[in-house]
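Subject: Structure handover

Hi,

Here is the structure I promised to pass on. Have a look at it first, and then read on for what turned up in it.

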Amino acid sequence: QVQLVESGGGLVQPGGSLRLSCAASRIPFSDYQMSWYRQAPGKQRELVAAITTIGNTNYADSVKGRFTISRDNAKNTVYLQMNSLKPEDTAVYYCHAIRFVIYWGQGTQVTVSS
């Protein structure tokens with residue numbers, strides 16, 4: 001069974017940093033485009049950042065310059081480095097994998113609050 005397991009969420013003060021990780025199993029990880037989505041209470045799930053199989057990246061305008069997505073194909077893991085966090089970044093963050101099918105992780109909570 002395919003698994004995407006996120007970790008690294010938590011409570012952080014405004015201006016702080018977190019690094020999310022998503023470990024994939026039972027998929028040819030290097031063949032998948034990987035992304036991070038988030039969903040805040042009462043809002044639709046939105047794309048935060050994506051990285052292609054060859055390392056091209058794109059970001060939501062709201063996180064450009066603050067967040068960095070990266071992948072380590074040897075570890076079957078995608079990361080999201082989040083800096084200069086704001087209260088509006090508070091959400092459940094989901095890992096997403098797509099090739100011919102789509103897989104989602106279970107989500108990890110990120111709360112930015114003083």
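A question to start with: is Asp-89 buried or exposed? Keep in mind that this is a predicted model. Asp-89 counts as buried, because its relative accessibility is 1%, and buried here means under 20%. You will find Asp-89 in the loop between strand 8 (77–82) and strand 9. Its side chain makes a polar contact with the side chain of Arg-66, at 2.8 Å. Beyond its neighbours within four places in sequence, Asp-89 is also in contact with other residues, including Arg-38, Phe-67, Ser-84 and Val-110.

Next, the disulfide. How many are there? The count comes to one, and it joins Cys-22 to Cys-95, with 2.1 Å from S to S. Cys-22 sits in strand 3 (residues 18–25) and Cys-95 in strand 9 (residues 91–98), so the pair ties together parts that are 73 residues apart in sequence. The torsion about the S-S bond is about -80°, which means that this disulfide is left-handed. Both Cys-22 and Cys-95 are buried.

Cys-22 also turns up among the contacts of Thr-77, once the neighbours of Thr-77 within four places in sequence are left aside. Others in that list include Ser-21, Ala-23 and Phe-29. Thr-77 belongs to strand 8 and counts as buried, because its relative accessibility is 9%. A polar atom of the Thr-77 side chain lies 2.8 Å from the backbone oxygen of Lys-75.

That brings us to strand 8 and its partner. Strand 7 (residues 67–72) and strand 8 pair in the antiparallel sense over six bridges, and one of the matches puts Arg-71 with Val-78 as its bridge partner in strand 8. The two strands make a hairpin with four residues between them, where Asn-76 takes a positive phi near 55°. In a regular strand the side chains alternate between the two faces of the sheet. Strand 7 has a covered face made of Phe-67, Ile-69 and Arg-71, and an uncovered one made of Thr-68, Ser-70 and Asp-72.

Now for the core. In soluble globular proteins, nonpolar side chains tend to be buried together. Here the largest nonpolar core has 29 residues, and those that touch the most other members are Met-34, Trp-36, Val-78, Leu-80, Met-82 and Tyr-93. Among the elements that give two or more residues to this core are strand 3, strand 4 (33–39), strand 5 (46–51) and strand 11 (108–112). Leu-80 is a good one to click on: leaving aside its neighbours within four places in sequence, its contacts include Leu-18, Leu-20, Trp-36, Val-48, Phe-67, Ile-69 and Tyr-93.

Strand 9 deserves a look of its own. Six of its eight residues are buried, so it is mostly covered. Which strands does it pair with?

- Strand 4 pairs with strand 9 in the antiparallel sense over seven bridges, and Arg-38 has Tyr-93 as its bridge partner in strand 9.
- Strand 11 pairs with strand 9 in the antiparallel sense over three bridges, with Ala-91 standing opposite Val-110.
- Strand 10 runs antiparallel to strand 9 and is joined to it by three bridges. His-96 has Trp-104 as its bridge partner there, and the two strands form a hairpin with three residues between them.

Last, the aromatic rings. A search of the whole structure finds three aromatic pairs. Tyr-32 and Tyr-103 form a tilted pair, 6.2 Å centre to centre with 45° between the planes. Tyr-32 is in the loop between strand 3 and strand 4, while Tyr-103 is in strand 10 (residues 102–104), 71 residues apart. Tyr-32 counts as buried at 6% relative accessibility, whereas Tyr-103 is partly exposed, with a relative accessible area of 26%.

Tyr-37 and Trp-104 form an edge-to-face pair, 5.0 Å centre to centre with 65° between the planes. Tyr-37 lies in strand 4 and Trp-104 in strand 10, so this pair ties together parts that are 67 residues apart in sequence. Trp-104 is partly exposed, with a relative accessible area of 38%. Add Tyr-94, and Tyr-37 and Trp-104 become part of one aromatic cluster.

Best wishes

How values were computed. Residues numbered from 1 in each chain as written. Predicted model: local features only at pLDDT ≥ 70, side-chain atom pairs only at ≥ 80, totals over all residues. Heavy atoms only, no water. Disulfide = S-S within 2.5 Å. Buried < 20%, exposed > 50% of the residue type's maximum accessible area, 1.4 Å probe, protein only. Polar contact = N/O pair within 3.5 Å; in protein donor to acceptor, adjacent residues only side chain to side chain. Contact = heavy atoms within 4.5 Å. Pairing = 2+ DSSP bridges. Core = buried A, V, L, I, M, F, W, Y, C linked by side-chain atoms within 4.5 Å. Phe/Tyr/Trp six-rings, centres within 6.5 Å; stacked < 30°, edge-to-face > 60°.
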